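Welcome! Open your viewer, get comfortable with rotating and selecting, and follow along stop by stop.

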Amino acid sequence: MEESEFWELVDAAREAAEGDPEEQADLIVERLVRMDPESVLDFARHFESRYNRAYTWDLWGAAWVLLDGASDDAFDFFRCWLIGQGREVFEGAVHDPDALADLLDEFDEEIDGDGEELGYAADEAYEQLTGTVAPDLGIAPGPSEPEGTPVDFENEGALAERYPRLWGRFKE
């Protein structure tokens with residue numbers, strides 16, 4: 001599976017799910033089980049490499065602002081959700097997390113920001129196809145600590161300064 005196919009599958013599922021991440025994950029699984037196991041593993045590799053790439057302090061700070069706090073697990077699920085938003089939003093946010101203020105049409109804390117199920121879609125599809133657990137993907141493990149400069153999540157002034165557009169749109 002090429003990168004463009006990965007993003008097309010993510011986008012098609014998001015549109016069909018009307019933005020609901022749980023429904024999007026179910027639709028991705030439905031589409032992946034129609035493919036061969038190696039294509040499912042390719043999807044998993046694309047997903048995992050983006051998930052690892054999004055492990056940055058800057059994105060964690062943006063998630064903190066959007067979610068009004070983000071534990072380790074919440075940030076993990078946020079990164080899955082961010083991938084589910086498609087290439088433009090993902091790449092824009094990785095490049096400039098504050099740009100999420102402009103990239104997101106709406107943000108509903110009830111359903112947005114938590115894409116936990118998206119993180120398991122490829123594993124679920126692989127298991128349905130083969131009856132076995134997916135093997136090691138053969139990609140480098142993610143970093144043990146977020147990349148970049150740590151963010152003081154408890155300092156609202158620092159957050160407002162670091163993420164002026166997000167703060168202005170979602171906190172004021």
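Our tour starts with a pair of helices, H1 and H2, which are oblique to each other because their crossing angle falls in neither the parallel, the antiparallel nor the perpendicular range. Keep in mind as you look that this is a predicted model.

**Stop 1: H1 against H2**

Select H1 together with helix H2, residues 21–32. Their axes lie 8 Å apart and the packing angle is about 130°. Turn the view to look at the crossing, which is right-handed. Now show side chains: on H1, pick Leu9, Val10, Ala12, Ala13, Arg14 and Ala16, and on H2 pick Gln24, Leu27, Ile28, Arg31 and Leu32, since these are the residues that meet. Colour this contact by class and you will find 8 nonpolar, 1 polar and 2 charged residues.

**Stop 2: H1 against H3**

Keep H1 on screen and add H3; here the two axes are 10 Å apart, at an angle of about 85°. That angle makes H1 roughly perpendicular to H3. From H1, select Glu3, Phe6, Trp7, Leu9 and Val10; their partners in H3 are Phe43, His46, Phe47 and Arg50. The class count for this contact is 6 nonpolar, 1 polar and 2 charged residues. You may recognise Leu9 and Val10 from the previous stop, where they were among the H1 residues meeting H2.

**Stop 3: H4 against H5**

Next, hide those helices and bring up helix H4, residues 57–67, with H5. How do H4 and H5 lie, roughly parallel or roughly perpendicular to each other? Their axes cross at roughly 95° and come within 10 Å, so H4 and H5 are roughly perpendicular. To see the contact, select Leu59, Trp60, Ala63, Leu66 and Leu67 of H4, then Asp72, Ala74, Phe75, Phe78 and Leu82 of H5. This contact has 9 nonpolar residues, no polar ones and 1 charged.

**Stop 4: the largest pocket**

Now switch on a surface. The largest pocket has a volume of about 450 Å³. To find its centre, select Arg14, Gln85, Leu104, Asp105 and Glu106, the closest to that point of the 19 residues in the lining. Helix H1 (3–16) and helix H6 (87–95) are the elements that each give two or more residues to this lining. What classes make up the lining of the largest pocket? Colour by class to see 6 nonpolar, 3 polar and 10 charged residues.

**Stop 5: the second largest pocket**

For the last stop, move to the second largest pocket, with a volume of about 310 Å³. Its lining has 18 residues, and the ones closest to the centre are Phe47, Glu48, Gly119, Tyr120 and Asp123. Show helix H3 (37–53), helix H5 (72–84) and helix H8 (116–130), the elements that give two or more residues to the lining. H8 gives the most, with 7 residues. By class, this lining divides into 13 nonpolar, 1 polar and 4 charged residues. Phe47 also links back to Stop 2, as one of the H3 residues in the contact with H1.

Conventions: Residues numbered from 1 in each chain as written. Predicted model: local features only at pLDDT ≥ 70, side-chain atom pairs only at ≥ 80, totals over all residues. Heavy atoms only, no water. 1 Å grid on protein atoms, 1.4 Å probe; cavity = no way out; pocket = protein on both sides within 12 Å on 5 of 7 lines; lining within 4 Å. Points joined across faces, edges and corners; volume = space filled by probe spheres on them. Helix = DSSP H or I, 4+ residues; strand = E, 2+ residues; numbered from the N terminus. Nonpolar A, V, L, I, M, F, W, Y, C, P; charged D, E, K, R; others polar. Axes fitted to C-alpha atoms, helices over the stretch in contact; angles between N-to-C directions. Parallel < 35°, antiparallel > 145°, perpendicular 65-115°, else oblique. Left-handed = near helix turned anticlockwise from the far one by under 90°. Contact = heavy atoms within 4.5 Å.
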